[in-house]
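Grab a viewer and a distance script, and let's work through a few exercises. Each one sets a task and then walks through the solution.

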Amino acid sequence: PSSVSSSVPPLPSLADPADPGLAELHAENISAWFGDHQVLDRVTLTMRPGQVTALIGPSGCGKSTFLRILNRMHELVPSASLAGEVLLDGQDIYDPTKKLTDARKHIGMVFQKPNPFPAMSIYDNVIAGLKLAGIRADRDTKDELVQSCLSKAGLWNEVKDRLRAPGGGLSGGQQQRLCIARSLAVKPRVLLMDEPCSALDPTSTRVIEETMAELQKEVTIVIVTHNMQQAQRVSQECAFFLAARGTPGAIVEHGDTEAMFSEPQDQRTYDYVNGRF
Ligand code: ADP
Ligand code: MG
């Protein structure tokens with residue numbers, strides 16, 4: 001029965017075989033505990049290739065914990081434990097035969113408070129993660145990488161004449177963009193951002209939002225935000241987390257961002273996105 005299809009020659013692949021393309025991150029039935037306190041209950045979410053997925057919900061509902069689980073960062077907390085799976089393009093990032101640095105290398109993270117190495121130069125901050133990720137680069141390659149990462153982070157024009165100045169001398173918004181540049185240097189396939197603009201002024205926030213729109217063409221982005229306007233501006237998909245009194249955090253509703261804001265399916269989502277709690 002396969003005679004017809006076997007006579008059709010395969011289409012030539014236009015894709016660069018070295019370029020893995022945009023990644024899909026999938027969390028399956030994630031439950032999480034700190035000691036015996038359960039903080040997440042069976043969270044399942046697909047973060048689609050090249051999209052920005054926004055995680056929204058009140059404080060304490062487990063958004064940061066979930067984000068950290070997506071790149072095994074929660075393992076830094078000794079009391080943390082986990083059930084469920086995280087798949088990067090179908091590959092289990094918790095596979096015990098794989099190195100932790102591999103998961104971290106492919107899945108970068110930016111935090112609420114910008115945390116560049118303050119005494120280190122802007123240039124060295126950008127390439128600070130290379131060694132740990134096992135990436136070797138000569139001087140010219142590093143120069144190119146620094147320029148491209150700072151450009152992608154929307155910072156190049158502001159710092160190109162002072163790459164040797166310390167990262168700590170930049171404004172808060174610039175420091176955050178430096179952290180974005182640093183996370184991009186190892187060519188992550190997913191970028192996790194935990195309230196990246198909460199500590200920033202509106203102008204820096206706008207620059208970072210513009211940057212994200214470009215970045216999502218090459219990296220799948222997940223952002224936690226308390227700013228409902230920001231969620232609508234930057235994301236295509238949205239997940240609403242809630243921890244109702246005494247229960248662990250869970251997803252109440254998720255899907256297309258515009259639909260979730262214009263016609264939420266759950267009364268609790270409606271109340272939250274309209275600022276009722
Ligand atoms: P969100 O980011 O949505 O505000 P978190 O993920 O930070 O929520 O917190 C979820 C729950 O987990 C909260 O009850 C919080 O107190 C608890 N929690 C977070 N981090 C830790 C930790 N390192 N040790 C113990 N409990 C924690
Ligand atoms: Mg948080």
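**Exercise 1.** List the buried residues of helix α7 and say what covers them.

Step 1: α7 covers residues 172-184, where helices (H or I, at least four residues) and strands (E, at least two) are DSSP runs, numbered from the N terminus. This is a predicted model, so local features need pLDDT of at least 70 and side-chain atom pairs count only at pLDDT 80 or more, while totals for chains, interfaces and linings use all residues. Residues are numbered from 1 along each chain as its sequence is written, and chains are lettered from A and ligands numbered from 1 in the order in which they are written.

Step 2: Apply the burial test (buried if 20 or more other C-beta atoms lie within 10 Å of a residue's own, exposed if 12 or fewer, partly exposed in between; C-beta atoms are placed from the backbone). You get G173, Q174, Q175, Q176, R177, L178, C179, I180, A181, R182, S183 and L184. That's 12 of the 13 residues, so α7 is largely enclosed by the rest of the structure.

Step 3: Look for contacts (C-beta atoms, placed from the backbone, within 7 Å). The cover includes β6, α4 (122-126), α5 (139-152), α6 (156-159), β7 and α8.

**Exercise 2.** Work out how strand β6 is covered and how it pairs with β7.

Step 1: In β6 (residues 107-110), I107 and M109 on one side and G108 and V110 on the other are all buried. In a regular strand the side chains alternate between the two faces of the sheet.

Step 2: For pairing (at least two DSSP bridges between the strands), β6 and β7 (residues 190-194) run parallel over four bridges. I107 sits opposite V190 in β7.

**Exercise 3.** Find where D89 and E195 sit, and classify their burial.

Step 1: Most residues other than glycine have a negative phi. D89, not a glycine, has a positive phi of about 45°; for E195, phi is near 45°.

Step 2: D89 lies in the loop between β4 (80-88) and β5 (91-92), and E195 in the loop between β7 and α8 (202-215).

Step 3: D89 has 16 other C-beta atoms within 10 Å, so D89 is partly exposed. E195 has 21, so E195 is buried.

**Exercise 4.** Describe the shell around ligand 1.

Step 1: Collect residues whose C-beta atom, placed from the backbone, lies within 6 Å of the ligand: F34, V39, S59, G60, C61, G62, K63, S64, T65 and V77.

Step 2: Helix α2 (residues 63-69) gives the most, with three residues.

How values were computed: Expected span 1.5 Å × (residues − 1). Contact = placed C-beta atoms within 7 Å.
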